[in-house]
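Let's see how the labels people put on a structure get decided. Each question below is settled by holding a value up against a rule.

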Amino acid sequence: MLYNLTISLVLSQGGINYKSFLTELKKETLSPEEIFILSPEIPDFQPKNAIFIKAANPFASETFIELASKIKSDYFFFIPRTEEISICPGGIKKFLTIASELNSGLVYSDFNELRGGKPLPHPLIDYQPGSLRDDFDFGKMILIKTEALKKAAGEWIGKDNYSGFYRLRLYISRNYPITRAPEILYSASETDLRKSGEKQFDYVNPANRDVQIEMEAVVTDHLKKIGGYLQPCFPEIEFRGSFPVEASVIIPVKNRVTTIMDAVESALKQKTRFEFNIIVVDNHSTDGTTELLSSYSKENRHLIHLIPSEKELNIGGCWNLALNSENCGRFAVQLDSDDLYKDETTLQKIDDLFHSEKCAIVIGSYVMTDFNLNEIPPGIIAHREWTDKNGRNNALRINGLGAPRAYYTPVIRKIKFPDVSYGEDYSAVLEIIRDFKVGRIYEPVYICRRWEGNSDSSLSFEKINANNLFKDSIRTRELSARIKKNMENVK
C-alpha cells in the first residue's frame with residue numbers, strides 16, 4: 001500500500017543538503033513527486049525540476065494557500081528552517097505507515113539534533129487537545145496529509161503573515177489525528193542554540209507583538225469552532241468575612257540564602273493604608289535559609305516563618321499551607337524568593353485594584369533584571385496581550401500570565417494549587433479566570449531576577465518536555481471544563 005502513496009517535499013530557505021536527502025529517499029524507493037522551495041529569493045542551487053515559491057515567511061497563510069493549489073501528492077514533508085537533515089533507515093516508510101494506518105493529518109517524530117556534528121537525542125511529546133501553544137515543538141520534519149491542507153485552505157479567512165502553519169495545524173487537530181512517532185526517524189541541525197531560560201520569554205517580547213496579535217486571533221477562532229470560547233461576562237465579587245490582615249505576601253522558599261532576605265525586605269518596605277504580613281513557607285532549607293528566617297522573624301512581628309510538617313511538598317503545596325494558615329489575609333500576594341517588589345507602592349496598588357474592579361485575581365507586570373538588578377532583554381513584561389474581552393481565551397495559548405499574581409483568598413482556598421513546582425500558578429489562574437474577572441496592572445510593579453540559580457535557566461530536553469506536557473495537560477482539562485460550561489449554559 002505504501003508504494004501507492006505519493007509524497008512531495010516542501011523545503012524552506014534553500015539551506016538543506018538536498019543531494020544527501022534525496023539519496024536517502026531513493027534508498028527507500030520513494031522518489032518525491034514534487035519538490036517545492038520556499039525562499040524570499042530564488043536560491044543559488046536547487047534540485048532539478050524544483051518548484052520555487054516566493055515566501056518571505058514559510059509560515060504565512062499565502063505560502064500554504066499557494067502550496068494547496070499546486071501539490072498533487074498524497075502527503076508532503078514540511079521541512080522549515082534547518083540547514084542539515086538526514087533520514088534514518090526506514091524513516092520515511094514509518095512516517096507514511098503511521099499516516100495511512102491512523103488517517104493522521106499530521107505526523108511528527110523524535111529526532112537527533114545535530115550540534116557541532118554530533119547527534120543529541122531530541123525527544124518530543126504527544127499532541128493533545130490542550131496543545132494550543134503556538135510554539136509546540138513538532139521537530140524539523142513534519143508529514144502533512146495534502147487533503148487536510150486543501151480543505152483548510154478552502155476555509156481560510158484573512159491573511160496571516162506569521163500564523164499560517166498555526167492555523168493549519170489547529171484545523172488539522174479538529175478534523176484528523178495528530179500523531180507522534182515516539183522514535184528517532186531523522187537527524188537535523190538546530191539554529192536556535194539559546195538556553196531555555198532565554199527562549200521562554202519570546203512570546204512576551206514587545207518586538208513580537210504583531211505575531212502575538214495574529215496568533216491570538218487564530219486560537220480564538222479555533223476555540224469558537226470547538227465550543228471552548230468564553231464570552232466576556234464576569235460576576236462582581238463582594239469581599240466579605242473577617243481576616244487577620246488585609247493582605248499576606250506569600251513566599252515559598254527552599255535554599256535561597258543569597259536572595260530570601262532581599263525578597264522579605266522588599267515586602268516589609270511596602271507602604272499601605274492597611275495591615276499586612278509576610279508568610280514565608282520554608283520548605284526545609286539546608287543552606288542557612290532556615291536559620292536566617294528564624295532569627296529575623298523573632299525581631300519582626302510582620303514576618304511569619306512556617307516550616308511544613310511534610311517534607312515532600314512542592315511549591316504548590318507550600319502555597320496551600322500558607323493559604324490555610326490562620327494568619328492569611330483577605331488577599332494572598334505572590335513574591336518569589338528570587339524576586340523583589342519594584343517599589344514600596346506595589347501592595348497598595350494591588351489592593352486598590354481588587355476593590356475597584358471587584359475581581360478574584362490581580363496580575364501585575366514586571367521588569368527582567370540580572371542578579372544585580374540591571375535590566376536585561378526583553379525588559380518590561382506587561383502582558384499587554386491581555387484584554388478583558390479576550391484575555392481568558394488567549395490564556396490557553398500562552399505559557400504564563402504575568403507577575404505578581406494576587407488572589408482573593410476564599411476563591412483560591414477553594415480551588416487550591418496542584419502540589420507541583422512548575423505550572424502550579426498557571427493551573428490555578430486558568431481555573432479562576434474561567435468564572436471570574438482579572439484585574440491587570442500594566443506598569444511594572446515587580447522585579448524578576450534571572451540568574452544561573454533560577455530553576456529554569458538551562459533545562460534539558462527531557463525537563464522542557466515534562467514541563468510542556470504538564471501545561472498541555474492543564475489546558476486539556478481546562479478546555480474540557482470550558483466546553484462543558486458552555487454546553488450547560490445552552491441548556
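Q: Which residue in β4 does valine 10 stand opposite?
A: Valine 10 faces phenylalanine 78 there. A quick note first: this is a predicted model, where local features need pLDDT of at least 70, side-chain atom pairs count only at pLDDT 80 or more, and totals for chains, interfaces and linings use all residues. Residues are numbered from 1 along each chain as its sequence is written, and side-chain values use heavy atoms, with hydrogens and water left out.

Q: What makes β1 and β4 paired strands?
A: Strands pair if DSSP finds at least two bridges between them. Strand β1 (residues 7-12) is joined to β4 by five bridges, and the two run parallel, so they pass the rule. (Strands are DSSP runs of E with at least two residues, helices are runs of H or I with at least four, and both are numbered from the N terminus.)

Q: How do you know that β4 and β8 pair, and in which sense?
A: Four bridges link β4 to strand β8 (residues 142-145), in the antiparallel sense. Phenylalanine 77 has leucine 143 as its bridge partner in β8.

Q: Why is phenylalanine 77 called buried?
A: Buried means under 20% relative accessible area, exposed means over 50%, and partly exposed is in between (1.4 Å probe, protein chains only). Phenylalanine 77 comes in at 0%, so buried is the right word. Phenylalanine 95 also has 0% and counts as buried.

Q: Why is the pair of phenylalanine 77 and phenylalanine 95 called edge-to-face?
A: Rings of Phe, Tyr and Trp (its six-membered ring) pair if their centres lie within 6.5 Å; planes under 30 degrees apart are stacked, over 60 edge-to-face, and the rest tilted. Here the centres are 5.2 Å apart and the planes make 90°, so both tests are met. Phenylalanine 77 sits in strand β4 (residues 75-79) and phenylalanine 95 in helix α3 (residues 91-102), so the pair ties together parts 18 residues apart in sequence.

Q: What makes β4 mostly covered?
A: Five of its five residues are buried. Tyr75, Phe77 and Ile79 point one way, while Phe76 and Phe78 point the other way.

Q: How do you know that the charge of lysine 224 sits over the ring of tyrosine 229?
A: The rule wants NZ of Lys or CZ of Arg within 6 Å of the ring centre and within 35 degrees of the ring normal. Lysine 224 has its charged end 4.9 Å from the centre of the tyrosine 229 ring, and sits over that ring.
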